[in-house]
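Student: Could you take me through one part of this structure slowly, and show me how the rest is arranged around that part? I would like to follow the reasoning step by step.

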Amino acid sequence: NGLCNLQAHIDIGNQFGVPVVVCVNKVNTDSDAELKLIVDDALKSGAAAAVVSDHWGRGGEGAVEISKKLIEVCEARTSEFKFTYPLDIPIKDKIAAICTKIYGAAAVEYEEAAELAIERFERAGLGGLPICMAKTQYSLSADASLRGRPAGFTIKVKNCRAAAGAGFIYPLLGPIMTMPGLPTRPCFYDVDIDPATGKVEGLF
C-alpha cells in the first residue's frame with residue numbers, strides 16, 4: 001500500500017530537522033475511513049501534523065484548515081535544519097549520502113562514463129558543488145517498478161553531468177529527460193480570461 005511510501009517521505013523530511021506537515025488531498029471518491037487511516041498513520045510515523053484538505057472540491061476555502069495548521073506548527077516548533085551532506089566531501093560521498101539516507105539504497109555502483117565524469121569534475125575544481133539527482137519520480141529507487149518503500153537495492157549511476165553555471169552536478173540514474181520538452185507553440189497561447197465571467201479558460 002501507499003502508506004509505507006508516505007512513511008518514507010515523513011522520515012526523509014524529519015532528517016532535515018524541520019517539522020513535517022502532511023496534507024491529505026481529499027477527492028470525492030475518498031471515504032472518511034480512508035482519510036482517517038492516512039491521517040492516523042502519518043501522525044504515528046512522525047509527522048508534526050496531518051490534515052485532510054478539500055481544495056480539490058472547494059478551492060481556497062477547502063485549504064483554510066491546512067493553512068492554519070501550517071501557521072500553528074511553524075509558530076510552535078523550532079526548525080533545526082541540516083543538510084544531508086557537507087559540500088566539502090568527495091562527489092561520490094555526496095551521491096552515496098543521498099542514495100542511502102534519502103532513497104534507502106544499500107549500495108551505489110558507477111558505470112565507466114560516470115566514473116570518468118566525476119574524476120574530470122573534481123580535477124576541474126567542481127567537487128564542492130551540490131548534487132541534483134536525475135532519476136525516475138515513480139520510485140524511491142532508480143527502478144520505476146519498485147513501488148512503496150523498497151529496501152536492499154543498488155543504485156547504478158549511469159553518467160554524471162555538471163551544470164557549472166547553475167552550480168550543481170547531476171548524476172543520471174537512468175534514461176530521463178533533463179530538460180522539459182517544450183512545444184514550438186507554448187500552451188499559454190490557449191489560456192485566457194473570459195471578461196464576462198472572470199473565469200480562466202484553456203487550462204485543461
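Tutor: Happy to! Let's begin with a word we will need: two residues are in contact, or touch, when they have heavy atoms within 4.5 Å. Please also keep in mind that this is a predicted model.

Our part is the helix α5, residues 91-103. Start with Ile95. Setting aside residues up to four places away in sequence, Ile95 touches Val108, Tyr110, Ile118, Ile131, Met133, Val157 and Pro171. Ile95 also belongs to the largest nonpolar core, which has 26 residues. Within this core, Ile95, Tyr103, Ile131, Met133 and Ile155 are the ones that touch the most other members. At least two core residues come from each of α1 (3-15), α5, α6 (112-123) and β4 (154-157). The largest share belongs to α5, with 7 residues. There is also a second, separate core of 9 residues, with Val22, Val24, Val39 and Ala47 among them.

Now look along α5 itself. Does the length of the helix fit what we would expect? Its 13 residues, at 1.5 Å a residue, should span 18 Å, and the end C-alpha atoms are 17 Å apart, which agrees. Which of its residues are buried? They are Ile91, Lys94, Ile95, Ala97, Ile98, Cys99, Ile102 and Tyr103. Here "buried" means under 20% relative accessible area. A general point helps when you read such a list: an α-helix has 3.6 residues a turn, so residues three or four places apart point the same way. Try tracing Ile91, Lys94, Ile95 and Ile98, which are among the buried residues, along the helix in the picture. The cover over the buried residues of α5 includes α1, β3 (107-110), α6, β4 and β6 (168-172). After the helix comes Gly104, with a positive phi near 90°.

One of those covering elements, α1, makes a good partner for comparison. This helix also has 13 residues, and from first C-alpha to last it reaches 18 Å, close to the expected 18 Å. The buried residues of α1 are Leu3, Ala8, Ile10, Ile12 and Gly13. Among the elements covering them are β1 (21-25), α2 (32-44) and α5. So α5 helps to cover the buried residues of α1, and α1 helps to cover those of α5. Just after α1, Gly17 takes a positive phi of about 80°.

Next, step back to the loop that lies between α4 (64-76) and α5, where you will find Arg77. Is Arg77 buried or partly exposed? Its relative accessibility is 45%, so Arg77 counts as partly exposed. Beyond its neighbours within four places in sequence, Arg77 is in contact with Pro19 and Ala48. Pro19 is 58 residues from Arg77 along the chain, yet their C-alpha atoms are separated by 7.0 Å.

The helix α4 gives us a salt bridge to look at: the side chains of Glu72 and Lys69 meet at 3.2 Å, N to O. Both residues lie in α4, 3 residues apart, about one turn of the helix. Glu72 is partly exposed, with a relative accessible area of 45%, and Lys69, at 24%, counts as partly exposed too.

Compare that with the salt bridge between Glu111 and Lys158, which is 3.1 Å from N to O. Glu111 sits in the loop between β3 and α6, and Lys158 in the loop between β4 and β5 (159-163), so this pair ties together parts that are 47 residues apart in sequence. Remember that β3, α6 and β4 are among the elements covering α5. Glu111 is partly exposed at 37%, and Lys158 is partly exposed at 34%. The whole structure has 6 salt bridges. One more of them joins Glu61 and Arg58, with the closest N and O atoms 3.4 Å apart.

Finally, let's visit the surface. A nonpolar patch of about 620 Å² is made there by Phe188, Tyr189, Val191, Ile193, Val200 and Leu203. Leu203, in the segment after β8 (200-201), has a relative accessibility of 53% and therefore counts as exposed. Ile95, by contrast, is one of the buried residues of α5.

Conventions. Residues are numbered from 1 along each chain as its sequence is written. This is a predicted model: local features need pLDDT of at least 70, side-chain atom pairs count only at pLDDT 80 or more; totals for chains, interfaces and linings use all residues. Side-chain values use heavy atoms; hydrogens and water are left out. A nonpolar core is a set of buried Ala, Val, Leu, Ile, Met, Phe, Trp, Tyr and Cys residues joined through side-chain atoms within 4.5 Å. Buried means under 20% relative accessible area, exposed over 50%, partly exposed in between (1.4 Å probe, protein chains only). Helices (H or I, at least four residues) and strands (E, at least two) are DSSP runs, numbered from the N terminus. The expected span of a helix is 1.5 Å times one less than its number of residues. Patches are made of residues with over 30% relative accessible area and no salt bridge: like charges are joined within 9 Å, nonpolar side chains (Val, Leu, Ile, Met, Phe, Trp, Tyr) within 5 Å. Accessible areas come from the Shrake-Rupley method with a 1.4 Å probe; for residues, only the protein chains shown count as cover. A salt bridge is a side-chain nitrogen of Lys or Arg within 4 Å of a carboxyl oxygen of Asp or Glu.
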